[in-house]
Amino acid sequence: MTKDELFFLLESRREFEFSYKDTIYSIMCEKDFSGKEFIKFGKLYFEEKFDSFNDLFARAEVENSYLREVIEEIQINRK
């Protein structure tokens with residue numbers, strides 16, 4: 001996957017999962033009670049909130065690496 005593909009999937013509000021080193025991760029867009037959108041990303045059922053795509057790309061971790069460092073190795077499992 002590329003950074004642009006990830007951005008497109010998030011902009012189109014698609015939920016998806018991927019496996020990395022035998023661990024399943026999920027990414028989805030949601031809204032809080034006030035209507036503010038955020039991104040949930042992380043190990044399946046243990047996701048963290050990120051305020052924006054840039055926040056996700058800056059802080060999200062996959063195993064012991066940042067998402068931005070391993071993104072090219074990721075193959076998504078579309079729901």
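This report walks through the helix, the strands and the ring contacts of one predicted model.

**The helix**

Let's start with α1, which covers residues 3–11. Its buried residues are Leu-6, Leu-9 and Leu-10. These three span an arc of only 95 degrees around the axis, so they end up on the same side of α1. Flip over to the other side of α1 and you find Asp-4 and Phe-8, both exposed. After the helix comes Arg-13, with a positive phi near 60 degrees.

**Strands and turns**

Next, the strands. β1 (residues 16–20) and β2 (residues 23–31) run antiparallel, joined by 5 bridges. β2 is also joined to β3 (residues 37–43), again antiparallel, through 7 bridges. Then β3 pairs with β4 (residues 46–50) in the antiparallel sense, over 5 bridges.

Each of these pairings is a hairpin, and in each one there is a residue with a positive phi worth clicking on:

| Hairpin | Residues between the strands | Residue with positive phi | Phi |
|---|---|---|---|
| β1 and β2 | 2 residues | Lys-21 | about 50 degrees |
| β2 and β3 | 5 residues | Gly-35 | near 95 degrees |
| β3 and β4 | 2 residues | Tyr-45 | near 75 degrees |

The loop between β1 and β2 also holds Asp-22. Is Asp-22 buried or exposed? Asp-22 is exposed, because its relative accessible area is 83%, and the cut-off for exposed is over 50%. If you want a sense of where that loop sits relative to Lys-3, the C-alpha atoms of Asp-22 and Lys-3 are 22 Å apart in space, with the two positions 19 residues apart in sequence.

**Reading across the strands**

Now follow the facing residues from strand to strand. Phe-18 stands opposite Tyr-25 in β2, and Tyr-25 in turn stands opposite Lys-43 in β3. A second row can be picked up at Cys-29, which faces Ile-39 in β3. Carry on from Ile-39 and you reach Phe-50, its opposite number in β4.

**Aromatic contacts**

Searching the whole structure turns up 6 aromatic pairs. One of them is Phe-18 with Tyr-25, a stacked pair with 5.2 Å centre to centre and 10 degrees between the planes. Both Phe-18 and Tyr-25 are buried. Phe-18 has another stacked partner in Phe-41, at 6.1 Å centre to centre with 20 degrees between the planes. That second pair links distant parts of the chain: Phe-18 belongs to β1 and Phe-41 to β3, 23 residues apart. Phe-41 is buried, just as Phe-18 is.

Which residues make up the aromatic cluster around Phe-18? Phe-18, Tyr-25, Phe-41 and Phe-50 form one cluster. Phe-50 is the residue we met above, opposite Ile-39, while Tyr-25 is the one that stands opposite Phe-18.

**Charges over rings**

Two rings have a charged side chain over them. The charged end of Lys-49 sits over the ring of Phe-38, 4.4 Å from its centre. Then there is Arg-68, which lies over the face of Tyr-66 at 4.2 Å from the ring centre.

**Putting it together**

Phe-18 is a handy place to begin a tour. From there you can step to Tyr-25 through a stacked pair, or to Phe-41 in β3 through another. For the helix, look at Leu-6, Leu-9 and Leu-10 on the buried side, then at Asp-4 and Phe-8 on the exposed one.

Note on methods:
Residues are numbered from 1 along each chain as its sequence is written. This is a predicted model: local features need pLDDT of at least 70, side-chain atom pairs count only at pLDDT 80 or more; totals for chains, interfaces and linings use all residues. Side-chain values use heavy atoms; hydrogens and water are left out. Buried means under 20% relative accessible area, exposed over 50%, partly exposed in between (1.4 Å probe, protein chains only). Helices (H or I, at least four residues) and strands (E, at least two) are DSSP runs, numbered from the N terminus. The arc is that of the directions from the helix axis to the C-beta atoms. Two strands pair if DSSP finds at least two bridges between them. Rings of Phe, Tyr and Trp (its six-membered ring) pair if their centres lie within 6.5 Å; planes under 30 degrees apart count as stacked, over 60 as edge-to-face and the rest as tilted. A charge sits over a ring if NZ of Lys or CZ of Arg is within 6 Å of the ring centre and within 35 degrees of the ring normal.
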